[in-house]
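Colleague: I should be grateful for a close look at one part of this model, the open sheet and the strand pairing within it. Please include the aromatic pairs and one charged residue elsewhere.

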Amino acid sequence: MKRVIIFALLPFFALLLTGNPARTSPIYPYDVYGGSILFKNTSSYNQYWEIELPDNLQGGFQFEQICLEVNDIIKIEHLFRVHWNDASKFDKNIINPNTHFKTISVYDMDTGTLLKKFTSGNNIFELISGTIENGALWEINITDLIVSGENQ
């Protein structure tokens with residue numbers, strides 16, 4: 001009877017020893033910078049965005065096109081995973097979406113008309129919460145005033 005109990009409990013103890021999350025979870029050898037970007041369309045236009053990204057993309061926002069209908073809000077991750085060995089060489093200025101993109105062209109999706117073109121350095125993204133290095137939440141809200149040129 002003792003043998004039956006011991007052999008019945010043996011798989012349970014083996015599972016306890018090997019199933020510990022601290023033993024099975026990998027250690028990721030990198031730090032994560034950045035956060036998320038909320039793209040909002042509160043204008044009266046359905047919008048199509050063409051985004052020119054940096055040549056040497058090291059992470060961050062990776063889409064070259066976005067379609068936003070009226071009142072759409074899209075949340076997209078803007079993350080940079082930097083290996084510990086490369087941390088001292090990483091340029092944290094590229095985390096800021098205002099300088100990350102080369103150009104953003106906003107078109108009227110219904111007519112194909114160019115509404116507005118933004119270049120790197122235009123402060124169109126607003127930091128809502130968090131820090132630029134960790135857990136940042138950025139927002140860009142394209143309104144009729146912005147696409148008509150009155151707010152730039």
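Modeller: **Strand S2 and its partners**

Strand S2 and strand S5 (residues 103–108) are joined by 6 bridges and run antiparallel. Helices (H or I, at least four residues) and strands (E, at least two) are DSSP runs, numbered from the N terminus, and two strands pair if DSSP finds at least two bridges between them. This is a predicted model, in which local features need pLDDT of at least 70 and side-chain atom pairs count only at pLDDT 80 or more, whereas totals for chains, interfaces and linings use all residues. Residues are numbered from 1 along each chain as its sequence is written, and side-chain values use heavy atoms, with hydrogens and water left out.

Within the pairing of S2 and S5, Glu52 stands opposite Thr103. S2 itself covers residues 47–52 and is joined to S3 by 4 bridges, again in an antiparallel arrangement. Here Glu50 faces Gln65 of S3, and Trp49 has Ile66 as its bridge partner. Strands of a sheet pair through backbone hydrogen bonds, either parallel or antiparallel.

These pairings belong to an open sheet of 4 strands in the order S3-S2-S5-S6, with antiparallel pairing. Its edge strands are S3 (65–68) and S6 (114–119), each of which pairs on one side only. From one strand to the next the twist averages 15°; the axes are lines fitted to C-alpha atoms, for helices over the stretch in contact, and angles run from 0 to 180 degrees between N-to-C directions.

In a regular strand the side chains alternate between the two faces of the sheet. Along S2, Gln47, Trp49 and Ile51 point to one face and are buried, while Tyr48, Glu50 and Glu52 point to the other and are not. Buried means under 20% relative accessible area, exposed over 50%, and partly exposed in between (1.4 Å probe, protein chains only).

The aromatic residues come next. A search of the whole structure finds 6 aromatic pairs; rings of Phe, Tyr and Trp (its six-membered ring) pair if their centres lie within 6.5 Å, and planes under 30 degrees apart count as stacked, over 60 as edge-to-face and the rest as tilted. One of the pairs is Tyr48 with Tyr107, which is tilted, at 6.3 Å centre to centre and 40° between the planes. This pair links distant parts of the chain, since Tyr48 is in strand S2 and Tyr107 in strand S5, 59 residues apart. Tyr48 counts as partly exposed because its relative accessibility is 22%; Tyr107, at 22%, is likewise partly exposed.

Another tilted pair is formed by Phe80 and Phe90, with 5.9 Å centre to centre and 55° between the planes. Phe80 counts as buried at 0% relative accessibility, and Phe90 counts as buried at 11%. In addition, Phe39, Trp49, Phe101 and Phe125 form one aromatic cluster.

Finally, the charged residue: Glu139 lies in strand S8 (residues 136–142). Glu139 is buried, with a relative accessible area of 16%. Its side chain makes a polar contact with the side chain of Lys40 at 2.8 Å; such a contact is a pair of N or O atoms within 3.5 Å, where, within protein, one must be able to donate a hydrogen and the other to accept it, and residues adjacent in sequence count only if both atoms are side-chain atoms.
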